[in-house]
Amino acid sequence: MKNTKNKQKTAIITGASDGIGAAFTKLLIKNDWQVVGISRSSSKLKIIKKNFSSNAQSFKYFSCDVQDFKKLKSIAKKIEVPDLLFLNAGIYSPVDSSKLNLDEYKKHLKINYLGVLNSYEAFLPGLISKQNGHIIIMSSVSGWIGLPKAAAYGPTKAALRSFAQSIRYDLNPKGIKVQLCSPGFVETQATSINNFYMPGLMNVNDAANLILKYMNTKKFEFSFPFSFSFFMKFFSLLPDKISSYLIKKFII
Ligand SMILES: NC(=O)c1ccc[n+]([C@@H]2O[C@H](COP(=O)([O-])OP(=O)(O)OC[C@H]3O[C@@H](n4cnc5c(N)ncnc54)[C@H](OP(=O)(O)O)[C@@H]3O)[C@@H](O)[C@H]2O)c1
């Protein structure tokens, strides 16, 4: 990764083609950031480039699966060391865990957890050499407590939470800020498959605005929408007998 003294802020966003990552990408471009977007399919990234990028520098993109560490490393060599690394790419499928789901469990682990590790390690050397930067890891309220149908998804988000909590002790002294984003329900392609009521379901642009707001604070973990995440946090702190009763009553 090349290091420059560019005054414009730069970001790498994984999962930039759709949902929260796309909304956040567009918001950063609007705020005069230079963004590098990464996702598997390039067609949606191309549309962002065409419709939202004001010049050649404001948005670059790479088609890459976050499972492909070699390709992520090759991208790192081609771009500037970013000010912000937003590790957001992820998948979500509800599962019935009374059935056999080994492939689904493994797929979630490989993309949601190992995909973040791949992206983290590909771009980390640049941040370390710069002794400056900011990493935001996308978790979820599902990482706080096991939720119905989330046996494939939730554990990956819990693992990311623990990962982010741990790495900050090594990275903060090297000038790198670490934050964990743990949203409730946001209206995207991922949640469109849910056939149950999603309390507090939030518009994706509102979610992007909140990420922008919280990334400028000292908070390690931030969550939204406020009321739903407050209740989920509260549930997670209760004795299991009470929290599982409340989850059955209000969420299933
Ligand atoms: N929506 C919610 O309610 C919610 C709540 C809490 C947390 N989250 C988290 O927020 C993140 C974004 O979710 P979303 O709702 O915005 O989902 P989304 O609309 O489905 O977008 C997911 C993004 O990730 C990319 N992606 C998926 N697999 C990838 C892979 N293997 N390699 C590279 N890119 C990949 C997708 O692009 P391609 O398919 O082209 O690769 C897409 O750009 C996820 O980590 C999700 O767990 C979402």
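Biologist: Which of the 30 residues around the ligand come nearest?

Modeller: A residue is near a molecule if one of its heavy atoms lies within 4 Å of it; the same cut-off serves for a strand. Here, of the 30 residues around the ligand, the nearest are Ser17, Asn88, Tyr153, Val186 and Thr188. A word on the model: it is predicted, so local features need pLDDT of at least 70, side-chain atom pairs count only at pLDDT 80 or more, and totals for chains, interfaces and linings use all residues. Residues are numbered from 1 along each chain as its sequence is written, and side-chain values use heavy atoms, with hydrogens and water left out.

Biologist: What classes of residue make up the shell around the ligand?

Modeller: Ala, Val, Leu, Ile, Met, Phe, Trp, Tyr, Cys and Pro count as nonpolar; Asp, Glu, Lys and Arg count as charged; the others, Gly among them, count as polar. The shell has 13 nonpolar residues, 13 polar ones and four charged ones.

Biologist: Which oxygen contacts should I look at, starting with threonine 188?

Modeller: A polar contact is a pair of N or O atoms within 3.5 Å. Within protein, one atom must be able to donate a hydrogen and the other to accept it, and residues adjacent in sequence count only if both atoms are side-chain atoms. A polar side-chain atom of threonine 188 lies 2.5 Å from a ligand oxygen. For asparagine 88, a backbone N or O atom lies 2.7 Å from an oxygen of the ligand. Lysine 157 puts a polar side-chain atom 2.9 Å from a ligand oxygen. The protein covers 92% of the 870 Å² of accessible area that the ligand has on its own. Those areas come from the Shrake-Rupley method with a 1.4 Å probe; for residues, only the protein chains shown count as cover.

Biologist: Where does the ligand sit?

Modeller: On a 1 Å grid over the protein atoms alone, a pocket is an open set of points with protein on both sides within 12 Å along at least five of seven lines. A molecule sits in one if more than half of its atoms lie within 2 Å of its grid points. This ligand sits in the largest pocket.

Biologist: Is glutamate 221 buried or exposed?

Modeller: Buried means under 20% relative accessible area, exposed over 50%, and partly exposed in between (1.4 Å probe, protein chains only). Glutamate 221 counts as buried because its relative accessibility is 17%. Helices (H or I, at least four residues) and strands (E, at least two) are DSSP runs, numbered from the N terminus. Glutamate 221 lies in strand S7. Its side chain makes a polar contact of 2.9 Å with the side chain of tryptophan 144. Another polar contact, at 2.8 Å, joins the side chains of glutamate 221 and arginine 161.

Biologist: Where does phenylalanine 220 lie?

Modeller: Phenylalanine 220 is in the loop between helix H6 (204-215) and strand S7 (221-222). At 17% relative accessibility, phenylalanine 220 is buried. Its C-alpha atom is 8.7 Å from that of lysine 177, although the two residues are 43 apart along the chain.

Biologist: What does the side chain of asparagine 101 reach?

Modeller: It reaches the backbone oxygen of aspartate 96, at 2.9 Å. Asparagine 101 lies in the loop between strand S4 (84-87) and helix H4 (102-130). Its relative accessibility is 15%, so asparagine 101 counts as buried.

Biologist: Is the peptide bond from phenylalanine 224 to proline 225 cis or trans?

Modeller: Start with the rule. Most residues other than glycine have a negative phi, and most peptide bonds are trans. The bond from phenylalanine 224 to proline 225 is cis, with omega near -10°. Proline 225 lies in the loop between S7 and helix H7 (226-237).

Biologist: What is the phi of aspartate 32?

Modeller: Positive, about 70°, although aspartate 32 is not a glycine. This residue lies in the loop between helix H1 (19-30) and strand S2 (34-39). Glutamine 131 also has a positive phi, near 55°, and is a residue other than glycine. Glutamine 131 lies in the loop between H4 and strand S5 (133-138). At 45% relative accessibility, glutamine 131 counts as partly exposed.

Biologist: How exposed is lysine 50?

Modeller: Lysine 50 has a relative accessible area of 71%, so it is exposed. Its place is in helix H2 (residues 43-52). Lysine 44 lies in helix H2 too, and at 38% relative accessibility it counts as partly exposed.

How values were computed: 1 Å grid on protein atoms, 1.4 Å probe; cavity = no way out; pocket = protein on both sides within 12 Å on 5 of 7 lines; lining within 4 Å.
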